[in-house]
Amino acid sequence: MKIVFLEADNLGRDIDLSMFHRLGEVVVYGKSEPSEDAARIRDADIVIANKIPLGEALLKSAKQVKLICLTATGTNVVDFPYVNGRGITVTNVKGYSTMSVAQHTFALLFYVYEKLAYYDAYVKSGEYAASDMFCHFAQPFHELAGKIWGIVGLGEIGRKVAQIATAFGCQVVYYSTTGKNGNKLYPRLDFNTLLKTSNIISIHAPLHAATEKLFDAKAFDRMKKDAVLLNVGRGPIVDQTALAQALMSGKIAGAGIDVLEQEPPEADDPLLKIRDSKKLVVTPHMAWATCEARRRCADEVYENIVSWLKGVQRNVVTE
């Protein structure tokens, strides 16, 4: 049994992968090399990948591949008609990053919501030491208690964020991007109503036809001027040009973004032009990546392989 990691660096070089050697020959490549990936997996039985497209172009010469393990929950990189036609099993990982992403959601919020970049700079500049006032609150900020928190995508991560937001005294509402998700704990709103009523909106939805560019210029026109948008879902759910314009024109108050339309972004990405961290904070797709979450991710992939070898379906996805 030959196992090939194509993008091991996505798990982090600090994560021990030695357990996979119990299962067979293991070859680890830190980064994908598009011109070399097909050759790397030509004699592989199991391919472990994250972001690279998994379809005929990559797999046509890999005649022995029987299992693809994703080190992610999202499956949009997989050409399912092709892999299903080949009889290749695909597994993903679920639930490993819930606490990590929920934690980062609030880290993004508070950085923007309480103007922490400004207040940190004020103290470190020496202005506070030179002041004759014991406190300084020139940039107004607000309590979460009593605010309406709108959640787009009430899956496992969305529910954890809802639970924490409720503990802060927020009224949680949500929008189901598929129309199938029901939850008796929180009011379900249509998208326009959620936009018009929410003080904070956090995105936890997957990327699919119904969510791509869901937050466009029209959506920002409907949001409150004091609203803060948090995207820890998928970058293309938000039209970044429209978001940049909404922030610069004051249509919304702020945003915290962990995912971008293109990762890494182009140098001329419109969001990178906004230097005011009171309005916008951007992190490099790391909400999921606490040490604990990355360790759980590797463990989940290992368990998926062990189960598959035993003929047991675990985290198998077919579409």
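Just after helix 10, G250 takes a positive phi of about 80 degrees. Helices here are DSSP runs of H or I with at least four residues, strands are runs of E with at least two, and both are numbered from the N terminus. The model is a predicted one, in which local features need pLDDT of at least 70 and side-chain atom pairs count only at pLDDT 80 or more, while totals for chains, interfaces and linings use all residues. Residues are numbered from 1 along each chain as its sequence is written, and side-chain values use heavy atoms, with hydrogens and water left out.

Helix 10 covers residues 240-249, and its buried residues are Q240, A242, L243, A244, A246 and L247. Buried means under 20% relative accessible area, exposed means over 50%, and partly exposed lies in between (1.4 Å probe, protein chains only). The cover over these buried residues includes helix 9 (217-222), strand 9 (228-231), strand 10 (254-257) and strand 11 (280-282). At the N-terminal end, helix 10 is capped by D239, which has a side-chain oxygen 3.1 Å from the backbone nitrogen of T241.

Two lysines also have a positive phi, although neither is a glycine. They are set out below.

| Residue | Phi | Place | Relative accessibility |
|---|---|---|---|
| K115 | about 55 degrees | loop between helix 4 and helix 5 (116-124) | 17%, buried |
| K213 | about 55 degrees | loop between strand 8 (200-203) and helix 9 | 34%, partly exposed |

A further backbone feature is the cis peptide bond that joins E263 and P264, with omega of about -5 degrees. P264 is placed in the loop between strand 10 and strand 11.

K115 appears again at the second largest pocket, which holds about 230 Å³ of space. Of the 16 residues that line this pocket, K115, D226, V228, A253 and G254 are the closest to its centre. A pocket is an open set of points on a 1 Å grid over the protein atoms alone, where a 1.4 Å probe fits, with protein on both sides within 12 Å along at least five of seven lines; lining residues have an atom within 4 Å of a point. Grid points are joined across faces, edges and corners, and the volume is the space filled by probe spheres set on the points. By class, the lining has five nonpolar, four polar and seven charged residues. Asp, Glu, Lys and Arg count as charged; Ala, Val, Leu, Ile, Met, Phe, Trp, Tyr, Cys and Pro count as nonpolar; the others, Gly among them, count as polar.

Another lysine, K160, sits in helix 7 (residues 156-167). Leaving aside neighbours within four places in sequence, K160 is in contact (heavy atoms within 4.5 Å) with T98, M99 and A102. T98 belongs to helix 4 (residues 98-113) and is buried, at 8% relative accessible area. Besides K160, T98 touches E156 and I157, not counting residues up to four places away in sequence. Within helix 7, the side chain of K160 makes a polar contact with the side chain of Q163 at 2.8 Å. A polar contact is a pair of N or O atoms within 3.5 Å; within protein, one must be able to donate a hydrogen and the other to accept it, and residues adjacent in sequence count only if both atoms are side-chain atoms.

How many disulfides does a search of the whole structure find? The search finds zero, a disulfide being a pair of cysteine sulfur atoms within 2.5 Å. For C69, the nearest cysteine sulfur is that of C297, 10 Å away. C69 is buried at 0% relative accessibility, and C170 is buried at 7% relative accessible area.
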